[in-house]
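Colleague: Got a minute to walk me through this one? I'd like to start with the charged pairs, then move on to cysteines and the core.

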Amino acid sequence: MSEKKEYTYIGKRRGVVMGLGYSLTENLRSEKGAVLPRVFSDCFVRGALDIPEIKPIVVTANDQYGPFGAKGVGEAVMVPTAAAVANAIYDAIGVRIKDLPITPDKIFKALKEK
Amino acid sequence: MSKQIVKFIANGRTYETAIEPQMTLLEVIRDELDLTGTKCGCGVGECGACTVLVDGRPTLSCCTLAMSVKEKNITTIEGLADGANLHPVQKAFVKYGAVQCGYCTPGFILMTKALLDENPDPTEEDVKEALAGNLCRCTGYVKIVEAVLAASEMMQKGGEN
């Protein structure tokens, strides 16, 4: 893949990292429209040490709505990533947790109540 | 608090400016020295966007009182390129697509320079550990790590691609 073409796909890893944060560590709470966490440590954003190996697979498909058939490749990846993580947890422990982020204490509680 | 005239050395150039004792290094760099490449991401030392080098050591400028580094050698992102000639780390970041919005980039690049000055041949784990204190929301870190490893290879070969 040429250098120029590669640039159009660089957002896809961002979505995976965001999805992992969304499902496992971030807790962006808001009250009456105001965002509550004031610092990053109150809403755990993932750092370089938290990323697994990511193998992006580009699916080239025509989008009837996008300009010239174009589709977004960045943050949209976050949505199925979070769902995949939640499904993986269900596969592992046999309990569905539908409240994000899925933190160790929620898993512990779900296992106890099983 | 009353202002004092203090001498700062940034990127090899001497500045004399009147500052108040409670000012952070970040405020002085951006507002007094007009070096706005260094960014404020969180203001509380959690994101690494404000990283500069003080006597070669990476420092969170938002958590450093400016007076504490007077007359020390400060390196900001503006100090890396040699005119239009980018530093190998900068070249690698551009080549490998490690820059998206660019806000975290100065911090990452200076942290990388500090890493490679100390460890010219880091492993991927070494790189991730060194950059653990720099947060990025745009890239997902993968390209940044690739760029750093490529930069270390470039710099070891003694040339630039």
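Modeller: Sure. A salt bridge here is a side-chain nitrogen of Lys or Arg within 4 Å of a carboxyl oxygen of Asp or Glu. Keep in mind that this is a predicted model.

Colleague: OK, how many salt bridges over all chains?

Modeller: There are 8. One of them joins the side chains of Glu113(A) and Lys109(A), at 3.8 Å from N to O.

Colleague: Why are Glu113(A) and Lys109(A) about one helical turn apart?

Modeller: Because they sit 4 residues apart in helix α4 (residues 104-113) of chain A. Glu113(A) is exposed at 60% relative accessible area, and Lys109(A) is exposed too, at 52%.

Colleague: And which residue does Lys143(B) meet in a salt bridge?

Modeller: Glu146(B), with 3.4 Å from N to O. Those two are 3 residues apart in helix α5 of chain B, so about one helical turn separates them.

Colleague: Is Lys143(B) buried or exposed?

Modeller: Buried, with a relative accessible area of 6%. Its partner Glu146(B) is partly exposed, at 30%.

Colleague: What about Lys157(B), which residue does its side chain meet?

Modeller: Glu153(B), in a salt bridge of 3.7 Å, N to O. Lys157(B) is exposed at 71%, while Glu153(B) is partly exposed at 47%.

Colleague: Switching to cysteines. How many disulfides over all chains?

Modeller: The count is 0. Take Cys42(B): the closest cysteine sulfur is in Cys47(B), 3.8 Å away, which is too far for a bond. The cut-off is 2.5 Å between the sulfur atoms.

Colleague: And where is the nearest cysteine sulfur to Cys101(B)?

Modeller: In Cys138(B), 3.7 Å away, and Cys101(B) is in no disulfide. Cys101(B) counts as exposed, at 56% relative accessibility, whereas Cys42(B) is partly exposed at 22%.

Colleague: Now the inside. How many residues in the largest nonpolar core?

Modeller: It has 44 residues. Among those with the most contacts inside it are Phe93(B), Phe108(B), Leu131(B) and Cys136(B).

Colleague: Which helices each supply at least two residues of this core?

Modeller: From chain A, α2 (12-25) and α3 (78-93); from chain B, α2 (88-95), α3 (105-118) and α5 (142-157).

Colleague: What is Cys136(B) in contact with, leaving aside neighbours within four places in sequence?

Modeller: Cys104(B), Phe108(B), Tyr141(B) and Ile144(B).

Colleague: And how many residues does the second, separate core have?

Modeller: That one has 17, including Ile29(B), Leu35(B), Ala66(B) and Met67(B).

Terms used:
Residues numbered from 1 in each chain as written. Chains lettered and ligands numbered in written order. Predicted model: local features only at pLDDT ≥ 70, side-chain atom pairs only at ≥ 80, totals over all residues. Heavy atoms only, no water. Buried < 20%, exposed > 50% of the residue type's maximum accessible area, 1.4 Å probe, protein only. Core = buried A, V, L, I, M, F, W, Y, C linked by side-chain atoms within 4.5 Å. Contact = heavy atoms within 4.5 Å.
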